Amino acid sequence: MSSLATLGAGEVGLPSEVVIRELLDASDLAGPARLRIVVRRIGGSMWTVEASAASCATDGPAAPPARLRQETWSSAPPLAGHKTLARLAWDLAREGARREAFDDALLLDATGHVLETSVANVFVLRDGVARTPHAPTHCLPGVMRAWLLAKLEMVGLSVAIGDISAADLAVADEVWLTNAIVGVQRVAAVDRHEWSDWPRFSSLVGVGIPAPGWSNGARSSCCQTMATGSDPSV
């Protein structure tokens, strides 16, 4: 909703739960599904709202650990704190990482502080503290990020929101990624620094993470809300 307010579409209504269920049924998606809601400005104060659904991966905690390549941005894109269809910078970063046999790019700002990956928020664990960057100034305020921040005390972790440097990564006990599709994913490597053990990660299995494959019911949806304006640079 904050993205809609930024675009001046704060009064635009999103599909109700009943409409979403009808969409899932019409798409014959009885299991986990990825839901995308797109709001577009088509001129003046006119807006369109489109919803689509597709099947969703169900790897859960068994998802393979991610390997990340660091990439430094001189400046973040204009709507870096919002979900937007103007994703070229993120897509190029991910494609560049994959060309070098990594899964994704770990994005850093010009001062060397962690932002996010192209598709996920980042948590860095050290001595019982889970640290994640500020949102929306340093990363997208992801739904799964917010959910996990509210639950980490249940698994004996303290929470800290603030700057994370490359030096912090080098001494981290574990690094996790979060988004609405995978839930929480382990990180196996950032450039040449590697992890092979994630004892804290195993404690998340019983928390009931609301993502496919995490044993929270037969039917769940990964909801992504994207907003874009009539200006293609937005």
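In which loop does Ala101 lie? In this predicted model, Ala101 is found in the loop that runs between helix 3 (88-99) and strand 4, and its backbone is notable for a positive phi of about 70 degrees although the residue is not a glycine. With a relative accessibility of 65%, Ala101 counts as exposed, because the threshold for that class is over 50% relative accessible area. Asp127, which is likewise not a glycine, has a positive phi of about 55 degrees. This residue belongs to the loop between strand 6 and strand 7, and Asp127 is exposed, its relative accessible area being 60%.

A further backbone feature concerns the peptide bond between Ala135 and Pro136, which is cis, with omega at about 5 degrees. Pro136 itself is located in the loop that connects strand 7 (129-132) to helix 4.

Helix 4 has a buried and an exposed side. Met144, Arg145, Leu148 and Leu149 are buried in this helix; they lie on the same side of helix 4, because the arc they cover around the axis is only 135 degrees. Val143 and Ala150, by contrast, are exposed on the other side of the helix. The packing partners of the buried residues of helix 4 are strand 6, strand 7, strand 8 (158-161), strand 9 and strand 10.

The largest nonpolar core of the model comprises 35 residues, and the members that touch the most other members are Leu106, Phe123, Leu152, Val175, Trp176, Val184 and Leu204. Two or more residues are given to this core by each of strand 3 (66-72), strand 4 (104-108), strand 6 (121-126), helix 4 (143-151), strand 9 (174-179) and strand 10 (183-190). Separate from this set is a second core, which consists of nine residues and includes Trp73, Trp90, Leu107 and Leu115.

The surroundings of Phe123 illustrate the contacts made by one of these core members. When residues up to four places away in sequence are not counted, Phe123 touches Ala130, Arg131 and Thr132, and its contacts also include Arg145, Leu148, Leu149 and Leu152. Among the other residues that Phe123 touches are Glu174, Val175, Trp176 and Thr178. Of these contacts, Arg145, Leu148 and Leu149 are also among the buried residues of helix 4, while Leu152, Val175 and Trp176 are, together with Phe123 itself, among the residues that touch the most other members of the largest nonpolar core.

Methods: Residues numbered from 1 in each chain as written. Predicted model: local features only at pLDDT ≥ 70, side-chain atom pairs only at ≥ 80, totals over all residues. Heavy atoms only, no water. Core = buried A, V, L, I, M, F, W, Y, C linked by side-chain atoms within 4.5 Å. Buried < 20%, exposed > 50% of the residue type's maximum accessible area, 1.4 Å probe, protein only. Helix = DSSP H or I, 4+ residues; strand = E, 2+ residues; numbered from the N terminus. Contact = heavy atoms within 4.5 Å. Arc of directions from axis to C-beta.
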